[in-house]
Amino acid sequence: MTRFISIGEAMVEMAPLAVPGQFQMSFAGDTLNTAWYARALKPRWDVDYVTAVGTDRISDQMLQFLDDARIGRAHVQRLDDRAMGLYLISLVDGERQFSYWRGQSAARMLAADVDVLAAALAEGDIIYFSGITLAIQEGRGRAKLLDAVQRAQSAKGLVVFDSNLRPSLWESDDHMRAWVTKAASLADIMLPSHDDEAVHFGDKSPEATRDRYAALGAGIVVVKNGPGAIHYQSGDDKGIVQPAIVSDVVDTTAAGDSFNAGFLTAFVEGAPIEDAIVQASNVARHVIKGRGALVSL
Ligand code: ADP
């Protein structure tokens with residue numbers, strides 16, 4: 001049985017209801033979304049989420065959410081002195097604005113004990129994390145996270161990294177570029193999105209993004225690009241897949257996260273890379289036609 005382990009931060013989401021001042025609470029986060037879609041696509045896989053939460057009632061509800069979704073949470077750490085991060089969505093002239101309270105979140109400590117994290121990852125066939133997972137780690141947490149990932153890789157894990165660049169989570173753009181490059185050098189599979197990489201690494205084209213990450217040693221690089229062509233490299237083989245464009249987009253939240261799950265669940269099972277990219281793009285196309293991050297497939 002394939003064991004997929006996703007590492008990161010799940011947050012409490014408060015989304016506005018029609019009545020002013022009332023909100024709907026749910027749970028969301030890039031790596032959580034990918035775990036959720038991997039679970040939906042592969043009922044036979046073991047899908048595990050590795051994070052840290054508090055010991056409060058909301059954290060209990062998060063664990064219940066994982067149970068209901070049939071996502072494993074045996075290695076979720078519980079910390080007495082921390083709670084989950086939270087964001088609140090406001091609608092300003094129809095546009096969504098996000099306010100975050102995550103500076104002290106429990107997930108910032110998920111790598112504080114490197115041996116605990118390494119034990120959580122030990123049995124993973126696929127070890128998945130993102131630039132957000134890396135950005136938020138406190139103290140020496142980033143180095144410890146990469147250490148634990150590397151130990152899992154030495155055992156048997158295929159390391160998959162989505163750079164998911166969020167400059168506001170980093171102390172500087174230089175730190176972001178340096179750490180993302182370090183994580184990418186470990187990765188077996190890189191799943192970046194070109195638009196972010198163009199802004200922060202100066203890539204002139206999706207090919208430039210692909211070549212930069214391939215040069216760091218990832219055997220597989222798949223460059224997402226909104227409605228644009230997806231560029232990939234697999235060993236020495238390079239190619240392009242053009243996704244069918246969606247014109248009636250409802251909400252692009254989790255496009256990239258669901259794409260990653262669509263790609264990995266096909267590719268790891270042996271699908272040729274172009275077929276896996278087509279599946280990934282089909283999943284993402286479905287997701288952006290629905291509202292919210294988690295859209296039933
Ligand atoms: P992210 O959500 O990480 O920013 P992208 O915006 O690049 O990622 O989108 C991820 C994937 O979602 C794309 O590679 C593509 O497959 C799909 N996608 C996004 N927008 C569209 C669109 N308008 N039409 C078709 N597919 C899309």
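Trainee: Which polar backbone atom is 2.9 Å from a nitrogen atom of the ligand?
Mentor: This is a predicted model. A polar contact is a pair of N or O atoms within 3.5 Å. At 2.9 Å from the ligand nitrogen, one backbone atom fits that limit, and its residue is valine 246.

Trainee: Which residue has a polar backbone atom 3.0 Å from an oxygen atom of the ligand?
Mentor: Look at the oxygen side of the ligand now. A backbone N or O atom of asparagine 225 lies 3.4 Å from a ligand oxygen. The 3.0 Å distance to a ligand oxygen belongs to glycine 256.

Trainee: How much of the ligand's accessible area does the protein cover?
Mentor: Start with the ligand on its own. Its accessible area is then 560 Å². The protein covers 85%.

Trainee: Where does the ligand sit?
Mentor: Take the space itself. One pocket holds about 1,300 Å³. Its lining has 44 residues, with Arg166, Thr252 and Gly256 among those nearest its centre. The ligand sits in this one, the largest pocket.

Trainee: Which helix gives the most to the lining of the largest pocket?
Mentor: Several elements supply at least two residues each, including strand 2 (11-16), helix 1 (30-41) and helix 9 (255-267). The top contribution is 4 residues, and it comes from helix 9.

Trainee: How many charged residues are in the shell around the ligand?
Mentor: The ligand is surrounded by 17 residues, and Ser193 and Ala244 are among the closest. By class, 10 are nonpolar and 5 are polar. The charged residues number 2.

How values were computed: Residues are numbered from 1 along each chain as its sequence is written. This is a predicted model: local features need pLDDT of at least 70, side-chain atom pairs count only at pLDDT 80 or more; totals for chains, interfaces and linings use all residues. Side-chain values use heavy atoms; hydrogens and water are left out. On a 1 Å grid over the protein atoms alone, a cavity is a set of points where a 1.4 Å probe fits but cannot get out, and a pocket is an open set with protein on both sides within 12 Å along at least five of seven lines; lining residues have an atom within 4 Å of a point. Grid points are joined across faces, edges and corners, and a volume is the space filled by probe spheres set on the points. A residue is near a molecule or strand if one of its heavy atoms lies within 4 Å of it. A polar contact is a pair of N or O atoms within 3.5 Å; within protein, one must be able to donate a hydrogen and the other to accept it, and residues adjacent in sequence count only if both atoms are side-chain atoms. Accessible areas come from the Shrake-Rupley method with a 1.4 Å probe; for residues, only the protein chains shown count as cover. A molecule sits in a cavity or pocket if more than half of its atoms lie within 2 Å of its grid points. Ala, Val, Leu, Ile, Met, Phe, Trp, Tyr, Cys and Pro count as nonpolar, Asp, Glu, Lys and Arg as charged, and the others, Gly among them, as polar.
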